[in-house]
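Open your viewer, switch to a cartoon display and get ready to select a few pieces one after another. We will go from the whole chain to single residues and back out again.

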Amino acid sequence: MSEKSRSRQRDLLGILVVVAIVFILIIVLVYPREDQGGDGDEMRKGPWRDLDHFKRSISEVHFFDYTEVDGTKKLGEVTGPEDSVYLLIGIETQMNSSELVDIGNYLDRGGHVIVADDGTNGQRLADYLIGKAGGKVNFTGHRYLVDRLFSDPEGDRGFVYNMSFIKGDSFDIQGTRYELLFHSPNGLSFTGPGRPISWTTKQLTVVDLNDNWQMDLEGDNYIPNGRIMIEYDIGATDGKVTYISTTGLFTDNVFDRYQNEEFIRAYLYTLIPSGGRIMLDTSKQWERYSPHVAVLPD
């Protein structure tokens, strides 16, 4: 083979190597890896930007030491867990085994956990904790629909503006019951010794199983005064876990409506009456905003 032919082969080989390197770089830099979270098909955009009012409100309470955490790893380092609350608001990615164990151990030490989920990703935690709590909630992932019965006050259909904004009642906190407003709460049932903390105001409440925004009493699940918040004690400790079937209690579009803000503060006081640490975990919030950005008219 002539020197000219060898030179051409070297040039061709060099071009192929360069092309291969460029191709690899495109794959690495442009296409997201699965370990970046979510389903591996997009970059994380979170945390949510519509929890500002909630964050500001809690951080202003003198007795609360408000902090934000990135995941569950720090729960094992919390001293005095009985005087702390871990808030997992928004679960847009699945929880892994180590996260479940971290939360379970924290509860065993007397910590308090509040889980607010707009879908069914919180179900894995509820299933994991069934032995510690003596029961569990079931997240249906389908919205509540409410309406008035003939015996109800005329004009009060149990929602505000449209069927997404559901009115709620609360349990008694030191002689006060709170009027609440939830954005798009989903159906929530429970087993065992769970305590309802909040529920819809209407006995005519159904879970919209076929998601058609209509009450199909034969096809939908009828749950009178459907539960929205359920609380469980954990074992022999003072630990508690509370499940909420929507994050649309904390978001900016409803947080200052009705008595939501007062209720959240009061409920946190029931968990840590002497005050303590409030930890908000935003690591599972994948999008820029929650699903509850629709604003009620003034």
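**Stop 1: a small open sheet.** Before you start, keep in mind that this is a predicted model. Begin by selecting Val207, which stands opposite Asn221 in β10. Now widen the selection to strand β9, residues 205-207; this strand is joined to β10 by 2 bridges, and the two run antiparallel. Which other strands belong to this sheet? Add β7 and β4, and you have an open sheet of 4 strands in the order β7-β4-β9-β10, with antiparallel pairing. Then look at its edges: β7 (186-190) and β10 (221-222) each have a single partner strand, so one side of each is left without a neighbour in the sheet.

**Stop 2: strand β13 and its partners.** Next, select residues 276-281, which form strand β13. Is this strand mostly covered or mostly uncovered? It is mostly covered, with 5 of its 6 residues buried. Now add strand β1, residues 64-69, which pairs with β13 in the parallel sense over 6 bridges. To see one position in that pairing, show Thr67, which stands opposite Met279 in β13. Then add strand β2, residues 84-89; β2 and β13 also pair in the parallel sense, here over 5 bridges. For a closer look, show Val85, whose bridge partner in β13 is Ile278. While you have side chains on display, here is a handy general point: in a regular strand they alternate between the two faces of the sheet.

**Stop 3: two packed helices.** Hide the strands and select helix α2 (residues 52-59) together with helix α6 (residues 260-271). Two packed helices are described by the angle between their axes and the distance between the axes. Here α2 and α6 pack at an angle of about 45°, and their axes are 11 Å apart. That angle makes α2 oblique to α6, and the crossing of the two is right-handed.

Which residues meet where these helices pack? On the α2 side, show His53, Phe54, Ser57 and Ile58; on the α6 side, show Glu261, Ile264, Arg265 and Leu268. Colour them by class and you will find 4 nonpolar, 2 polar and 2 charged residues in this contact.

**Stop 4: zoom back out.** Finally, select the whole protein chain, with its 6 helices and 13 strands. Of its 298 residues, 46% are buried. Among contacts with a separation of 6 or more, 74% link residues 24 or more positions apart.

Key: Residues numbered from 1 in each chain as written. Predicted model: local features only at pLDDT ≥ 70, side-chain atom pairs only at ≥ 80, totals over all residues. Heavy atoms only, no water. Pairing = 2+ DSSP bridges. Axes fitted to C-alpha atoms, helices over the stretch in contact; angles between N-to-C directions. Parallel < 35°, antiparallel > 145°, perpendicular 65-115°, else oblique. Left-handed = near helix turned anticlockwise from the far one by under 90°. Contact = heavy atoms within 4.5 Å. Nonpolar A, V, L, I, M, F, W, Y, C, P; charged D, E, K, R; others polar. Buried < 20%, exposed > 50% of the residue type's maximum accessible area, 1.4 Å probe, protein only.
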